[in-house]
Amino acid sequence: MSIETVLSDELLERFRRRAADYDRENSFAAEDFQELAAAGYLRALVPVERGGLGWDFQQLALAQRRLASAAPATALAVNMHQVWAGVAHLLAARGDRRLDMVIDWVAKGEVMAFGISEPGNDAVLFDSKTSAVTHSDGSVSFTGTKIFTSLSPAFTRLGIFGKDTVSGELVHAFVERGAGVRSLGDWDTLGMRASQSHTTKLDSATAPEAWVHSRLPAGPNPDLLVFGIFASFLTLTASVYVGIAERAVELAADSLGQRVHHDGVKYSQDVRARGILADAAMRLLALDALQRSVAGDLESGVDHGAAWFPKLVTLRTLAGQTARENVQGAGQLLGGGAYFRGSEFERLYRDVQASWYHPSNAASAANTVASWLVGPLES
């Protein structure tokens, strides 16, 4: 089933119409989420014979882009479910079956969420402030705080990690919604409001032994799980911002076709306006090529070796930068009406600011690329 069939124009237009209400009320995109679930979108990477859409990773990345062009906050919310499905998909394709349970859960209708980010932890996957206590039966209890838990109102399984209080290892596992997993309901933000990405408190949240899938040493690690998480998260999160960048160009082009100067000359014949639009479109074309290349190479199993992380962080960084620049460009072309609260442009302007805060940030990305080229900073 094609992307355009699942995410039809009619469905996306409904999402676009609802976006203003979700944003104004600071409420979860519940109706959008229900429609996506009914359309099978949450099972996009599940094989057709198991009730899924049977898509590959590149198709999912392009679908997230299409969804974000209509409802960025909805796309960002469901993105975290798709990230875990993507990690499982990428690992399985490389012969690593440790996350097969995720595909099993997704096929059965479980909703995944991403509980990795922590306040004050700029080491991201390479260290954790969450404590992990291993019990005699192999289960592990986690205590700590996770932030930006998108899809908070809907998830049933939460992927987390913490630091073992005895061994110092980083323990990766899944916990169930319920005992020891508490959402603070504190998402009241500048943009991406419908994602409802609340802070999550873990208080001895316990993962059974079967759900504890990895134990890794602290610090940078070549383990395939680390690669899979970075690859899926950075690529799919970038897709959300590619969608915003694309929608900004669409809005700007529509405006040039409709607006008229006082002398009767259309804005489409205004050289300055055409230049602003063309610059945005050229940025989008370059970003489109990068997105398709990275997502396609991940699906095909291309071995870029040490160049993989620079490629991934470059995609995520440029996606956010391009989206911000394109939205700003659109603002110069849409006219004063777009400045009013509730306009689509006004929501895009606020939603795109979230791109500053997703890992990897611009400084970290620059260091990754520079280290690839000339080695790490000397201590």
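Reader: What follows helix 6, and what is the sign of its phi?

Author: Right after helix 6 comes Gly-109, and its phi is positive, near 100°. Keep in mind that this is a predicted model, where local features need pLDDT of at least 70, side-chain atom pairs count only at pLDDT 80 or more, and totals for chains, interfaces and linings use all residues. Residues are numbered from 1 along each chain as its sequence is written, and side-chain values use heavy atoms, leaving out hydrogens and water.

Reader: What makes something a helix or a strand?

Author: They're DSSP runs numbered from the N terminus: H or I over at least four residues for a helix, E over at least two for a strand. By that rule, the protein has 11 helices and eight strands.

Reader: How do you know how compact the protein is?

Author: Take the radius of gyration over C-alpha atoms and set it against the globule rule, 2.2 Å times the number of residues to the power 0.38. The protein comes out at 21 Å, close to the 21 Å that the rule gives for 379 residues, so it is as compact as a globular protein of that length.

Reader: Why is Thr-322 called buried?

Author: Buried means under 20% relative accessible area, while exposed means over 50% and partly exposed lies in between, using a 1.4 Å probe and protein chains only. Thr-322 has 7%, so it counts as buried. You'll find Thr-322 in helix 9 (residues 308-333).

Reader: What does Thr-322 touch?

Author: Leaving out residues up to four places away in sequence, Thr-322 touches Ala-245, Arg-283, Leu-284 and Leu-287. Contact here means heavy atoms within 4.5 Å.

Reader: Back to helix 6: which of its residues are buried?

Author: In helix 6 (residues 100-108), those are Met-101, Val-102, Ile-103, Trp-105 and Val-106. They pack against helix 5 (72-93) and several strands, including strand 1 (112-115) and strand 8 (212-216). Beyond its neighbours within four places in sequence, Val-102 is in contact with Trp-84, Ala-85, Ala-88, Met-112 and Phe-174.

Reader: What makes a set of residues a nonpolar core?

Author: The members must be buried Ala, Val, Leu, Ile, Met, Phe, Trp, Tyr or Cys, joined through side-chain atoms within 4.5 Å. The largest such core has 121 residues, and Val-102 is among those with the most contacts inside it, along with Leu-7, Tyr-41, Leu-99 and Phe-142. Helix 7 (residues 224-258) gives the most to this core, 20 residues. In soluble globular proteins, nonpolar side chains tend to be buried together.
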